[in-house]
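Please open the model in your viewer and keep the sequence panel beside it, since the tour moves from one selection to the next. Each stop names what to select and then says what is found there.

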Amino acid sequence: MEQIQQAAKQPLWRVWVDNQKRIVSFHEEEDCKLLEFHSREMFFRCIDQYTGLQYRYQ
């Protein structure tokens, strides 16, 4: 129970991804897939992967 409460208090990082236009957005975008992260490390790993794939950011 305590772990669930701690997880609820942790920050949530979100990005929206459009794979057709190769865009990652840090705000909600229509027709984009939402990705949510509870781990800062996993969030930045994801961002690094999209950077490596030459996605644009907005």
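A residue is called buried when its relative accessible area is under 20%, exposed when that area is over 50%, and partly exposed in between. Glutamate 36, with a relative accessible area of 41%, is therefore partly exposed, and this residue will come back at the third stop.

**Overview**

Begin with the whole chain in cartoon view, bearing in mind that this is a predicted model. The secondary structure comes to 2 helices and 4 strands, and, read from the N terminus on, the elements follow the order α-β-β-β-α-β. Of the 58 residues of the protein, 26% count as buried. If you switch on a surface, the exposed area is about 4900 Å², of which carbon and sulfur atoms supply 48%. Among the contacts with a separation of 6 or more, 49% are between residues 24 or more positions apart.

**The nonpolar core**

Next, select Val15, Val17, Val24, Leu35, Phe37, Phe43, Cys46, Ile47, Tyr50 and Tyr55, which together make up the largest nonpolar core, with 10 residues. Strand E1 (13-18), strand E3 (33-37) and helix H2 each supply at least two residues of this core, and the largest share, 4 residues, comes from H2. Keep tyrosine 55 highlighted and show its surroundings: leaving aside neighbours within four places in sequence, tyrosine 55 is in contact with Val17, Asp18, Asn19, Arg22, Ile23, Val24 and Tyr50.

**The salt bridges**

Now display the charged side chains, among which the structure holds 2 salt bridges. Select arginine 14 and glutamate 36 for one of them, where the closest N and O atoms are 2.9 Å apart. This pair links distant parts of the chain, since arginine 14 belongs to strand E1 and glutamate 36 to strand E3, 22 residues apart. Arginine 14 counts as partly exposed because its relative accessibility is 40%.

Then move to arginine 45 and glutamate 41, whose salt bridge has its closest N and O atoms 2.5 Å apart. Because arginine 45 and glutamate 41 are 4 residues apart in helix H2, about one helical turn separates them. Arginine 45 has a relative accessibility of 46% and so counts as partly exposed.

While H2 is in view, select arginine 40 as well, which lies in this helix (residues 40-52). With 54% relative accessibility, arginine 40 counts as exposed. Its C-alpha atom is separated by 9.7 Å from that of glutamine 10, 30 residues apart along the chain.

**Aspartate 18**

Return to strand E1 and select aspartate 18. What is the nearest side chain of opposite charge to this aspartate? It is that of lysine 21, at 4.4 Å, and aspartate 18, although buried, has no salt bridge; the separation can be set against the cut-off, which asks for a side-chain nitrogen within 4 Å of a carboxyl oxygen. Turning to backbone partners, the side chain of aspartate 18 reaches the backbone nitrogen of glutamine 20 at 3.0 Å, and it also reaches the backbone nitrogen of lysine 21 at 3.0 Å. Not counting residues up to four places away in sequence, aspartate 18 touches Ile23, Asp31, Cys32 and Tyr55.

**Two loop residues with positive phi**

Most residues other than glycine have a negative phi. Select arginine 22, in the loop between E1 and strand E2 (23-25), and check its backbone: phi is near 60°, a positive value in a residue other than glycine. Arginine 22 is partly exposed because its relative accessible area is 36%. Then go on to glutamine 54, in the loop between H2 and strand E4 (56-57), where phi is again positive, at about 65°, although the residue is not a glycine. At 65% relative accessibility, glutamine 54 counts as exposed.

**Serine 25**

For the last stop, select serine 25, which is found in strand E2. Is this serine buried or exposed? With 1% relative accessibility, serine 25 counts as buried. A polar atom of its side chain lies 2.8 Å from the backbone oxygen of histidine 27. If neighbours within four places in sequence are left aside, serine 25 is in contact with Val15, Trp16 and Gln58, and Val15 is one of the residues of the core selected earlier.

Key
Residues numbered from 1 in each chain as written. Predicted model: local features only at pLDDT ≥ 70, side-chain atom pairs only at ≥ 80, totals over all residues. Heavy atoms only, no water. Buried < 20%, exposed > 50% of the residue type's maximum accessible area, 1.4 Å probe, protein only. Core = buried A, V, L, I, M, F, W, Y, C linked by side-chain atoms within 4.5 Å. Contact = heavy atoms within 4.5 Å. Lys, Arg positive; Asp, Glu negative; His and termini not counted. Polar contact = N/O pair within 3.5 Å; in protein donor to acceptor, adjacent residues only side chain to side chain. Areas by Shrake-Rupley, 256 points an atom, 1.4 Å probe, with all protein chains shown as cover.
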